[in-house]
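Here are my notes for you to read alongside the model. I have kept them as short numbered points, so you can check each one as you go.

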Amino acid sequence: MNIDKRPQLGFRVVGHELDGSEVCCTGRQTALLLQKLNELHTGTVWYASDLVWSTGVVGEPGTPMYLGDDVKTVEVLSGIDQFFSGILLGFEKGNLPKSFKAKHFTEDMPYSENEGALFEVRLFDTTYFEVYFSDAKFANKFISTVRCDLINH
């Protein structure tokens with residue numbers, strides 16, 4: 001399945017919608033959010049770009065870096081205290097990119113080049129997440145489990 005198109009739906013999620021906290025983009029919340037996405041599609045493989053947190057940064061600026069499968073990625077992210085920015089791209093295991101066509105930065109237009117990702121999660125400092133879906137069926141299942149706001153682009 002090759003999905004390389006604009007997202008069907010995007011949602012803004014804040015911390016209290018995930019764990020009751022007024023602060024957002026903690027490692028715990030990011031892991032909770034990815035767990036919910038992994039439940040929508042088992043076997044998701046995650047890449048990160050522009051991922052910056054309180055004590056580190058991932059890889060070459062703008063170049064997506066392999067994080068791991070659904071379980072490993074959740075474990076790694078849950079151990080981070082606070083994220084300041086980042087993009088997480090979730091791919092179907094059988095549709096991984098051989099190489100990335102574009103740089104991916106948090107402030108870029110969402111899904112400007114989705115590289116075939118099923119999910120795109122953007123982390124914005126301590127304020128909110130944006131979650132984009134390339135397939136409306138995943139978006140519909142997501143909003144049935146997480147209370148959040150639709151993003152109009």
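1. Let me start with a question: is Cys24 buried or exposed? Cys24 is buried, at a relative accessible area of 0%. Please keep in mind throughout that this is a predicted model.

2. Cys24 leads on to the matter of disulfides. The sulfur of Cys24 has its closest cysteine sulfur in Cys25, 4.0 Å away, and that is too far for a bond. With a cut-off of 2.5 Å between sulfur atoms, the model comes to zero disulfides. The view from the other side agrees: Cys25 is in no disulfide, and the nearest cysteine sulfur to it is that of Cys24.

3. Cys25 deserves a look of its own. It sits in the loop between helix H1 (15–18) and helix H2 (27–40), and it is buried, with a relative accessible area of 0%. Its phi is near 70 degrees, a positive value in a residue other than glycine. Most residues other than glycine have a negative phi, so I would have a look at the backbone there.4. Asp125 raises the matter of phi again. Its phi is near 50 degrees, a positive value in a residue other than glycine. Asp125 is found in the loop between strand E6 (119–124) and E7. Is Asp125 buried or partly exposed? With 36% relative accessibility, Asp125 counts as partly exposed.

5. Now to the charged pairs. The structure holds three salt bridges. One of them joins Glu130 and Arg12, whose closest N and O atoms are 3.0 Å apart. Glu130 belongs to strand E7 (residues 128–133) and Arg12 to strand E1 (residues 9–13), so this pair ties together parts that are 118 residues apart in sequence. As for the surroundings, Glu130 is buried at 6% relative accessibility, while Arg12 is partly exposed at 32%.

6. Another salt bridge is made by Arg122 and Glu120, with 2.5 Å between the closest N and O atoms. Are these two residues buried or exposed? Arg122 counts as buried at 3% relative accessibility, and Glu120 is buried as well, with a relative accessible area of 2%.

7. There is also a salt bridge in which the side chains of Arg28 and Asp19 meet, at 3.1 Å from N to O. Asp19 counts as partly exposed, its relative accessibility being 30%.

8. Val13 is a good residue to centre the view on. It is found in strand E1 and counts as buried at 0% relative accessibility. Which residues does Val13 touch, leaving aside those up to four places away in sequence? They are Leu18, Cys24, Tyr128, Phe129, Val131, Phe142, Val146 and Cys148. Cys24, from the opening question, is thus listed among the contacts of Val13. For Phe129, the C-alpha atom is separated from that of Val13 by 5.1 Å, although the two residues are 116 apart along the chain.

9. Stepping back to the whole chain, the secondary structure comes to four helices and eight strands. From the N terminus on, the elements run β-α-α-β-β-β-α-β-β-β-α-β. The radius of gyration is 14 Å, close to the 15 Å that the globule rule gives for 153 residues, so the protein is as compact as a globular protein of that length. Taken along the principal axes, the C-alpha atoms fill a box of roughly 35 × 35 × 30 Å.

10. A few totals complete the picture of the fold. Of the 153 residues in the protein, 52% are buried. Among contacts between residues at least 6 apart in sequence, 66% join residues at least 24 apart. The protein exposes about 7300 Å², and carbon and sulfur atoms supply 51% of that area.

11. A word on confidence to finish. The protein averages a pLDDT of 86, and 92% of the residues score at least 70. Over residues 1–5, however, the pLDDT is below 50, even though this stretch has 18 contacts in the model beyond near neighbours in sequence. Where pLDDT is low, the predicted coordinates should not be read in detail.

Notes. Residues numbered from 1 in each chain as written. Predicted model: local features only at pLDDT ≥ 70, side-chain atom pairs only at ≥ 80, totals over all residues. Heavy atoms only, no water. Salt bridge = Lys/Arg side-chain N within 4 Å of Asp/Glu carboxyl O. Helix = DSSP H or I, 4+ residues; strand = E, 2+ residues; numbered from the N terminus. Buried < 20%, exposed > 50% of the residue type's maximum accessible area, 1.4 Å probe, protein only. Rg over C-alpha atoms; globule rule 2.2 N^0.38 Å. Contact = heavy atoms within 4.5 Å. Areas by Shrake-Rupley, 256 points an atom, 1.4 Å probe, with all protein chains shown as cover. pLDDT = per-residue confidence, 0-100.
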